[in-house]
Amino acid sequence: MVETAETDIAVVGAGIVGVACALQLARQGRRVTLVDRQAPGRGASYGNAGHLATEQVFPIADLSILKRLPRMLLDPMGPLRLDWKYLPKAMPWFTRLLLNLRPGPFQRSVAGIRSLNEGSLGAWQRLLGSIGRGELFQEDGSLLVFERPESRQALEALRARMQQQAVAVDFWSADTVREAAPQLSPSLLGGLFFPRTGHFIDPYRVVCELFEAAKASGVRFVQAQVDGGRLHSGGVRLASDQGTFDARQVLISCGAHSAQLTATLTGKQVPLDTERGYHLMLPGEHQRLPFAVTSLERKFIMTPMAEGLRLAGTVEFAGLDAPPSMQRAWQLHRLSKGLFRRDLSVEGATPWMGFRPSLPDSLPVIDRVCDGRVLLAFGHQHLGLTQAAVTAEWVGRLADRERGADMAAYRLDRF
């Protein structure tokens, strides 16, 4: 049983966002208890693509999703899949998604994503530098390649849209691609290079190193499943399978599992769903790529890491309860065929699936509600790793009762 203990802030969720926030809050002098049903970093943070995706300033979908909906339902191996059995439950979420594709809401989403992304690189440099682990991040850019002549127009249009959003982007010819990444196929026609991005060489180790720094700063970890709680005059009492404990404040940052606790404590129903993401880790592929490479046509990313090459990027909407479909992870290897001079080896390969928390406007909730007793930091969709460090800085401001105008887009009451 967890003894009832006085703590300033209980952080529920020990993924990359929760751990970064716990460290930030402890450094600001708070007594912090970090709570998760599993060890830190073992959820979605364990298997993300490892890409610092500051260039991805657009929402997770645009109006073309209407044309793709039949294929999403019928193609189990497509890059974006909606399980037909989950469709009735997903329809309210998708309806909200479509409403957010109208020009006004869409531009608000772009502005909100861009605001977080613009601060992400610097925040990560500060955070990793503060724990002496700057080597875990490589600021070496990323590349989006294309193969078909008919794709050039779409690529140029994307480049123009990104330049309008002040995203640093360069067009690379086929020769430039071959020079920078000689193991890629000579059939590639070129691509877009994003110099202000990079990749983490081991995303799970990043969480672990931050967790060790948090413990050294006084953060206490409790492995428990938080089942609910209630607010009281002195703060909040959380109920878990290991007992109850009190805190003056709670930070809800448990990713795709955040909606129920948020509703219990705030009375607000949040339209949170999950993008089920898959990866395939190739331990025998250490020297194939110098930086992360994404295929425009094949719609997946390949990131070099300390343990090999990680293929990731497929999205599935099937909820939290359906079993993983690991053939989707293996499909990533099939998608890689033809992108290299020599096919990638799958010897010792391991598949994985995790839950990315997504809201229909593609923005997270970062807020302070219920007279300051409840802090919120969840719903970062596939940008959780990218935005974790800057989110931690913003949560630190909220804990100190600072709420700038730049936080308005992420408020809970927008729903």
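**Notes on a predicted model**

1. Let's start with Ala166, which sits in the loop between helix H5 (152-164) and strand S7 (170-173); helices (H or I, at least four residues) and strands (E, at least two) are DSSP runs numbered from the N terminus. This is a predicted model, where local features need pLDDT of at least 70 and side-chain atom pairs count only at pLDDT 80 or more, while totals for chains, interfaces and linings use all residues. Residues are numbered from 1 along each chain as its sequence is written, and side-chain values use heavy atoms, with hydrogens and water left out.

2. What is the sign of phi at Ala166? Ala166 is not a glycine, yet its phi is positive, at about 65°. With 56% relative accessibility, Ala166 counts as exposed (buried is under 20% relative accessible area, exposed is over 50%, partly exposed is in between, with a 1.4 Å probe and protein chains only).

3. Asp371 is worth a look alongside Ala166. Its phi is near 60°, again a positive value in a residue other than glycine. You'll find Asp371 in the loop between strand S20 (365-369) and strand S21 (374-378). At 68% relative accessibility, Asp371 counts as exposed.

4. Back at helix H5, have a look at Arg161, which lies in that helix. Arg161 has 33% relative accessibility, so it counts as partly exposed. Leaving aside residues up to four places away in sequence, Arg161 touches Phe58 and Phe106, where contact means heavy atoms within 4.5 Å. For a sense of scale, Arg161 and Gly112 are 49 residues apart along the chain, and their C-alpha atoms are separated by 16 Å.

5. Which two helices are worth looking at for packing? Try helix H1 (residues 16-27) and helix H10 (residues 384-399): they pack at an angle of about 35°, with their axes 8 Å apart. The axes are lines fitted to C-alpha atoms over the stretch in contact, and angles run from 0 to 180 degrees between N-to-C directions. On the H1 side, the residues that meet H10 are Ile16, Val17, Ala20, Cys21, Gln24 and Leu25. H10 answers with Gly384, Leu385, Ala388, Thr391, Ala392, Glu393, Val395, Gly396 and Ala399.

6. Now the aromatics. How many aromatic pairs turn up in the whole structure? The search finds 11 (rings of Phe, Tyr and Trp, with its six-membered ring, pair if their centres lie within 6.5 Å; planes under 30 degrees apart count as stacked, over 60 as edge-to-face and the rest as tilted). Take Trp93 and Phe94: their ring centres are 5.2 Å apart and their planes are at 75°, so this pair is edge-to-face. Trp93 and Phe94 also belong to one aromatic cluster with Phe317. Are these two neighbours buried or exposed? Trp93 is at 4% relative accessibility and counts as buried; Phe94, at 7%, counts as buried too.

7. Arg42 is a nice one to click on. Its charged end sits over the ring of Tyr46, 4.4 Å from the ring centre. Arg42 also lies over the face of Tyr204, at 5.0 Å from the ring centre. A charge sits over a ring if NZ of Lys or CZ of Arg is within 6 Å of the centre and within 35 degrees of the ring normal.

8. Next, Glu139, in the loop between strand S5 (137-138) and strand S6 (142-146). Glu139 has a relative accessible area of 37%, which makes it partly exposed. What does Glu139 touch, once residues up to four places away in sequence are set aside? The list is Leu121, Gln125, Arg196, Thr197 and Gly198. Glu139 and Ala49 are 90 residues apart in sequence and 15 Å apart in space, C-alpha to C-alpha.

9. Finally, two spots around strand S19. Ser345 lies in the loop between helix H9 (327-336) and strand S19 (350-358), and Thr350 is in S19 itself. Ser345 is at 29% relative accessibility and counts as partly exposed; Thr350 is at 42% and counts as partly exposed as well. Not counting residues up to four places away in sequence, Ser345 touches Leu282 and Glu285. With that exclusion, Thr350 touches His279, Leu280 and Met281. As for longer spans, Ser345 and Asp75 are 270 residues apart in sequence and 26 Å apart in space, C-alpha to C-alpha. The C-alpha atoms of Thr350 and Phe193, 157 residues apart along the chain, are separated by 29 Å.
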